[in-house]
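Reader: I should be grateful for a close examination of a single part of this protein, namely one strand together with its partners and the covalent links around it. Please set that part in the context of the whole chain before turning to the details.

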Amino acid sequence: MTRQNENDGWGWLLILALIGIAKTAFLRAESTEDFREHAFTICKDRQTGQLVKGSQAIGDSAVHVNIMPSCPDGCAPLGLWHSHPVGVPQASNSDIFEMKRLGLQHLCISSGGITRCQEVR
């Protein structure tokens, strides 16, 4: 089950921060005209609560990227962001399966200048 960010309970500041860092990453990927999927781990500093980027990966195609979530010391993984360079900014069944397998609940996807974040349960 997924919930769109308009109706969830993670708080608007977290949503805005997730979307902000996801859009920045998407714009960087789009500006290079690289049509492979890009991804990074969204991490939360345990002391300050600040969101930071963790491990990053670039896929081998426009429809696939593998990432092993990891975060800087003192931070915990909160979720993942990745691009859909040739699709819609909506989680696929494989995206949701992978989030559940990794034990992460927050997923942001960017495509065509739009970023959507959701909670995966």
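Author: The account below begins with the whole chain, proceeds to strand β5 and its neighbours, and ends with the cysteines.

The model is a predicted one. The protein contains two helices and six strands, and their order along the sequence is β-α-β-β-β-α-β-β. It has 121 residues, of which 42% count as buried. If one takes the contacts between residues at least 6 apart in sequence, 58% of them join residues at least 24 apart. The exposed surface amounts to about 6900 Å², and carbon and sulfur atoms supply 53% of that area.

The part chosen for the close look is strand β5, which comprises residues 106–111 and is mostly covered, with six of its six residues buried. The side chains are divided between two directions: H106, C108 and S110 point one way, while L107, I109 and S111 point the other way. Residues of both sets are buried.

Strand β5 pairs with β4 and with β6. With β4, residues 75–83, the strands run parallel and five bridges join them. Within this pairing, W81 stands opposite C108 of β5. The connection between these two strands involves helix α2, residues 93–102, and β4, α2 and β5 together make a right-handed β-α-β unit.

With β6, residues 114–120, the pairing of β5 is antiparallel and extends over six bridges. At this side, S111 has I114 of β6 as its bridge partner. The hairpin formed by β5 and β6 has two residues between the strands, and G112 adopts a positive phi near 55 degrees there.

C108 also leads from the strand pairing to the covalent links. A disulfide is a covalent bond between the sulfur atoms of two cysteines. Two disulfides are found in a search of the whole structure. One of them is formed by C108 and C117, with the sulfur atoms 2.0 Å apart. The torsion about this S-S bond is about 105 degrees, and the disulfide of C108 and C117 is therefore right-handed. Because its relative accessible area is 0%, under the 20% cut-off, C108 counts as buried. C117 likewise has a relative accessible area of 0% and is buried.

The other disulfide joins C43 to C71, with an S to S distance of 2.1 Å. This pair links distant parts of the chain, since C43 lies in strand β2 (residues 38–45) and C71 in the loop between β3 (51–58) and β4, 28 residues apart. Here the torsion about the S-S bond is about -85 degrees, so the disulfide of C43 and C71 is left-handed. In terms of exposure, C43 is buried at 0% relative accessibility, whereas C71 is partly exposed at 22%.

When the bonded cysteines are numbered in sequence order, the pairing reads 1-2, 3-4. C75 takes part in no disulfide, and the nearest cysteine sulfur to it, that of C43, is 5.9 Å away. C75 is nonetheless buried, with a relative accessible area of 9%.

To return to the part requested, β5 is joined to β4 in the parallel sense and to β6 in the antiparallel sense, and C108 of β5 is bonded to C117.

Key. Residues numbered from 1 in each chain as written. Predicted model: local features only at pLDDT ≥ 70, side-chain atom pairs only at ≥ 80, totals over all residues. Heavy atoms only, no water. Helix = DSSP H or I, 4+ residues; strand = E, 2+ residues; numbered from the N terminus. Buried < 20%, exposed > 50% of the residue type's maximum accessible area, 1.4 Å probe, protein only. Contact = heavy atoms within 4.5 Å. Areas by Shrake-Rupley, 256 points an atom, 1.4 Å probe, with all protein chains shown as cover. Pairing = 2+ DSSP bridges. Right-handed = clockwise from strand over helix to strand, strands pointing away. Disulfide = S-S within 2.5 Å.
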